[in-house]
Amino acid sequence: CAPDWMLDGWSQAVVFRELSTLYAAPDAALPPAPPYREYLAWLDRRDSGEEASFWRATLRGFSTPTPLPADAWGHGRGARHTTETLIPGQIWTPLTKHARDLAITPTALLMAAWAALLARTSGCDDIVFGAAFSGRPAELPGVEGIVGPCTTNLPVRVRVAASDPLRALATVVRDTLFAAGSHQHVSPLQVQEWSEMPWRDRLFDSLVVFQNIENGQAARCLGDQVRITGFEGPVHGDYPLTLMATPMEHGLHLQLFTRTDRCSPTRAEQILAAFTTILQGDPEQPTPDPGLECRVRPPATTDIGRAPVPPRTPLERTIHAVWVRAFGPHIGVDDNFFDAGGHSLLAFRVLAALRTEAGLVVSPADLFQCPTISALARRMNSSIHSARPAPETDGPPPSTPFPRTFDAAKARAARARLALG
């Protein structure tokens, strides 16, 4: 299965539909797929100033992440855990019909219930969570047939009062999603830069994904004879909580993907149960209190039992100056980036700062393999020394190390479409 930076959920359905056609008729002539470069060219023509103005206005005044109803704050990255349930069709179908009668989409209804859950458990009235946007512009001809990463995860900001019924919240979410729809063709990293959120924190730590039913069914058949069961595409990202909803023939399938360093399996079951209670409740009444508390993040610390080691070389000091902006002055050269609370979005900010401010070209792979300042400095020193040309001799010309290359198109695609979870 292709990684999500090459193939998003929509593309997966396109591939499976064509595979199904060829399975039924191996000699069938498939129409040519629009090239992904057309999408990249369309992105380049966008007015970044307009996008920046929209997201700055949307996120103005929001500088503290919404607390999650999680029950742990572990060190490092925990294992992934999946909790799931099914809302039967006899409940889900009337819910969606009632929502549509009120001009509310099932997506807005689902996200309104998630906003209510976060508001009731955190005690906050200003909520931000992430939502998956298709990223496919309707004005680009043939966009529905393009195979490549277009989906992006962007913030949804909702102001919630404890007395708000689900119907009112769903209306607010619907309007918010509609406004953001014209400005969804940006990367989470860009939006983070336009916000007032401190470096260390992400705009959102939870993500809501509503799977398109047509795309889901396309991945379950090969021709007219074969039906695929038990297939699920990979779910990537390092968000502590990711809620995925998939409409099925017999109801709504809900999956809650959690990280065990932030959320125990027991708490995950409680969260999903509370969410379904809110979703199935009376939409004209205030949402019920789920009775779940949020565990506050402890102050940032270095590894227990030792003081942070200060930088010792000019290169370590250069890298350390950037890491201090991400983690604070407590960070030492032997402290692990990810154990200190680093996440994928923060990694890209740090790498961008090292490139633009210090002229250091560090790849994400370098950071994953050398997650401390001292190890990263040794890697950079080694690269510098290995790149120096050998002295001239009378023999054959010396070989030169293969240079790191930078493909602008691929970089734009990665920046624009990374899930960054």
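Start by selecting Asp335 in this predicted model. The residue sits in the loop between α10 and α11. Is Asp335 buried or exposed? With a relative accessible area of 2%, Asp335 is buried, since the cut-off for that label is under 20%. Now show the side chain of Asp335 and look for Gly332: the side chain reaches the backbone nitrogen of that glycine at 2.6 Å.

**Along the same loop: the Phe rings**

Stay in this loop and add Phe337, then pick Phe327 in helix α10. The two residues are 10 apart, and their pair links distant parts of the chain. Which kind of aromatic pair do Phe327 and Phe337 make? Their ring centres are 5.3 Å apart and the planes meet at 80°, so the pair is edge-to-face. Both rings belong to buried residues: Phe327 has a relative accessible area of 6%, and Phe337 has 0%.

Next, widen the selection to Trp323, Phe338 and Phe368. Together with Phe327 and Phe337, they form one aromatic cluster.

**On to helix α11**

Follow the chain into α11, residues 344-358. This helix has 15 residues and spans 20 Å from its first C-alpha to its last, close to the 21 Å expected at 1.5 Å a residue. Colour its buried residues: Ser344, Leu345, Leu346, Ala347, Arg349, Val350, Leu351, Ala353 and Leu354. What covers them? Show α7 (188-194), α10 (314-327) and α12 (364-369), which are included in that cover. Then step just past the end of the helix, where Gly359 follows α11 with a positive phi, near 70°.

**The largest nonpolar core**

Now for a different region. Select Trp55, Trp114, Phe129, Phe275 and Leu279, the residues with the most contacts inside the largest nonpolar core, which has 66 residues. Helix α5 (residues 106-122) gives the most to this core, with 12 residues. Another core lies apart from it; this one has 27 residues, and among them are Leu315, Ile319, Leu376 and Ala377.

Centre the view on Phe129 and show its surroundings. Setting aside residues up to four places away in sequence, Phe129 touches Met111, Trp114, Ala115, Leu118, Leu154, Pro155, Val156, Val158, Phe204, Ser206 and Val208.

**Strands β4 and β7**

From that list, move to Val208, which lies in strand β4 (residues 206-210). Val208 counts as buried at 0% relative accessibility. With neighbours within four places in sequence left aside, its contacts are Leu110, Met111, Trp114, Phe129, Gly130, Ala131, Ala132 and Leu243. Try a distance label here too: the C-alpha atoms of Val208 and Leu241 are separated by 8.7 Å, although these residues are 33 apart along the chain.

Then select Thr242 in strand β7 (residues 241-248). Thr242 is buried as well, with a relative accessible area of 4%. Which residues is Thr242 in contact with, leaving aside its neighbours within four places in sequence? They are Arg80, Leu207, Val209, Gln255, Leu256 and Phe257.

**A tyrosine pair in α2**

Go next to helix α2 (residues 36-44) and show Tyr36 and Tyr39. They are three residues apart, about one turn of the helix. An α-helix has 3.6 residues a turn, so residues three or four places apart point the same way. The rings of Tyr36 and Tyr39 form a tilted aromatic pair, with 5.6 Å centre to centre and 40° between the planes. Tyr36 counts as buried at 16% relative accessibility, while Tyr39 is buried with 0%. The count of aromatic pairs comes to nine.

**A backbone stop**

One more residue is worth a click: Ala103, in the loop between α4 (89-101) and α5. Its phi is near 60°, a positive value in a residue other than glycine.

**Zooming out**

Finish with the whole protein chain in view. How many helices and strands are there? The chain has 14 helices and eight strands. Of its 421 residues, 46% are buried. Among contacts between residues at least 6 apart in sequence, 77% join residues at least 24 apart. Switch on the surface last: the accessible surface comes to about 20,700 Å², and 56% of this belongs to carbon and sulfur atoms.

Conventions. Residues are numbered from 1 along each chain as its sequence is written. Side-chain values use heavy atoms; hydrogens and water are left out. Helices (H or I, at least four residues) and strands (E, at least two) are DSSP runs, numbered from the N terminus. The expected span of a helix is 1.5 Å times one less than its number of residues. Buried means under 20% relative accessible area, exposed over 50%, partly exposed in between (1.4 Å probe, protein chains only). Contact means heavy atoms within 4.5 Å. A polar contact is a pair of N or O atoms within 3.5 Å; within protein, one must be able to donate a hydrogen and the other to accept it, and residues adjacent in sequence count only if both atoms are side-chain atoms. A nonpolar core is a set of buried Ala, Val, Leu, Ile, Met, Phe, Trp, Tyr and Cys residues joined through side-chain atoms within 4.5 Å. Rings of Phe, Tyr and Trp (its six-membered ring) pair if their centres lie within 6.5 Å; planes under 30 degrees apart count as stacked, over 60 as edge-to-face and the rest as tilted. Accessible areas come from the Shrake-Rupley method with a 1.4 Å probe; for residues, only the protein chains shown count as cover.
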